Amino acid sequence: MQFQQLQYFVAVAETRHFTRGADLVHVAQPSLSQQIKALERELGADLFLRARGNITLTDAGEALLPLARRILADADTARHEVQELAQLRRGRVRLGATPSVCTGLLPDVLRAFHDRYPGIRLLIEEGGSHDLVRELARGALDLALVVLPLPTPSPALTTVELLREDLVVVSSPDAQRPGEGRRTVRVADLEGERLVMFRHGYDLRELTVAACRAEGFEPDFAVEGGEMDAVLGFVRAGLGVAVVPRMVAARAGRGLRVTPLARPGLHRTIALAHRSDVAPPRAARELQRMLLER
């Protein structure tokens with residue numbers, strides 16, 4: 001089995017077309033087809049069902065695809081690691097983070113990292129913890145900032161707790177303060193409040209809904225399905241209240257009233273995660289150090 005054959009296989013699997021797959025990897029289509037047939041002979045199984053205008057994966061192809069993607073991703077990481085200069089003058093870091101962490105925690109750390117290593121490219125992917133864990137496992141990310149506990153614990157990942165953050169309630173200054181005007185609000189006080197809710201896949205959505213149900217009521221959504229900036233904008237417009245991290249609320253600027261949650265309150269734990277079986281590239285290890293020492 002050759003590395004190049006795996007590249008050709010993944011290209012056809014992703015495009016579902018031999019000619020487009022050949023264009024993707026910049027090779028003549030007959031050469032690509034020949035190499036894939038050689039790979040099938042080596043494995044002793046057909047990888048594609050070939051019909052005119054319709055290319056689909058066989059069961060063997062479906063089994064090979066995630067493994068091939070991971071091998072290619074690991075090779076790409078190795079290439080970049082070897083190419084980095086000793087002084088970290090060039091390279092890249094692929095960092096995943098939940099949207100609220102991107103808004104609250106990352107800007108200052110990334111600015112300090114960029115000032116120190118201006119030649120390092122920072123590639124940021126936003127997503128929920130579940131999606132980020134999957135991307136880490138398949139080698140598409142070097143590091144990820146995720147919310148603990150993980151939706152699906154994975155022994156293939158190493159996690160280090162970074163911070164524990166309070167959640168607060170934000171509302172429009174023009175609206176009545178939630179909790180009948182008290183300086184703090186209980187989760188139970190959110191019953192009857194119209195909530196601006198994040199889209200499915202947001203860790204904050206799951207945490208807020210679970211907290212409301214623990215108090216014996218179903219939350220009432222005024223608007224749902226937004227990203228962080230949209231949620232804050234809807235709250236400013238007076239459509240409802242939202243539960244957000246304190247760090248996000250502090251950075252949100254004017255136009256929002258921030259009300260702490262009464263003890264015991266709600267909290268979330270942010271952790272830095274990476275694959276256990278592969279050390280992050282040098283540039284990623286340096287960003288990891290700066291995050292842990294922040």
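**Pocket, peptide bonds and cysteines in a predicted model**

The largest pocket of this predicted model has a volume of about 200 Å³.

Reader: Which helices each supply at least two residues of the lining of the largest pocket?
Author: The lining includes Phe3, Gln7, Val10, Ala11 and Glu14, and also Arg69, Leu72, Ala75, Asp76 and Arg79. One helix spans 3-15 and another spans 59-83, and each of them supplies at least two of the lining residues. The names asked for are therefore helix H1 and helix H4.

Reader: How many residues of the lining of the largest pocket are nonpolar, polar and charged?
Author: Among the lining residues are Leu24 and Val25, together with Glu14, Asp76, Arg69 and Arg79. Leucine and valine count as nonpolar, whereas Glu, Asp and Arg count as charged. Sorted by class in this way, the lining has 7 nonpolar, 1 polar and 4 charged residues.

Reader: Where is the proline that follows Leu148 through a cis peptide bond?
Author: The peptide bond from Leu148 to Pro149 is cis, and its omega is near -5 degrees. Pro149 itself belongs to the loop between strand E5 (143-148) and strand E6 (157-171).

Reader: Which residue does a cis peptide bond join to Arg263, and in which loop is that residue found?
Author: Omega is about 5 degrees for the cis peptide bond that joins Arg263 to its partner, Pro264. Strand E10 (257-260) and strand E11 (267-275) stand on either side of the loop in question, and the residue found in that loop is Pro264.

Reader: Is Arg16, which has a positive phi, buried, partly exposed or exposed?
Author: Arg16 is not a glycine, yet its phi is positive, at about 55 degrees, and the residue is found in the loop between H1 and helix H2 (18-24). Its relative accessible area is 36%, and values between 20% and 50% are classed as partly exposed. Arg16 is therefore partly exposed.

Reader: Is His26 buried or exposed?
Author: His26 also has a positive phi, near 60 degrees, in a residue other than glycine, and its place is in the loop between H2 and helix H3 (29-43). Because its relative accessible area is 74%, and exposed means over 50%, His26 is exposed.

Reader: How many disulfides does the count come to?
Author: Cys102 counts as buried at 17% relative accessibility, and Cys212 counts as buried at 0%. Burial does not enter the rule, which asks for a pair of cysteine sulfur atoms within 2.5 Å. By this rule the number of disulfides is 0.

Note on methods. Residues numbered from 1 in each chain as written. Predicted model: local features only at pLDDT ≥ 70, side-chain atom pairs only at ≥ 80, totals over all residues. Heavy atoms only, no water. 1 Å grid on protein atoms, 1.4 Å probe; cavity = no way out; pocket = protein on both sides within 12 Å on 5 of 7 lines; lining within 4 Å. Points joined across faces, edges and corners; volume = space filled by probe spheres on them. Helix = DSSP H or I, 4+ residues; strand = E, 2+ residues; numbered from the N terminus. Buried < 20%, exposed > 50% of the residue type's maximum accessible area, 1.4 Å probe, protein only.
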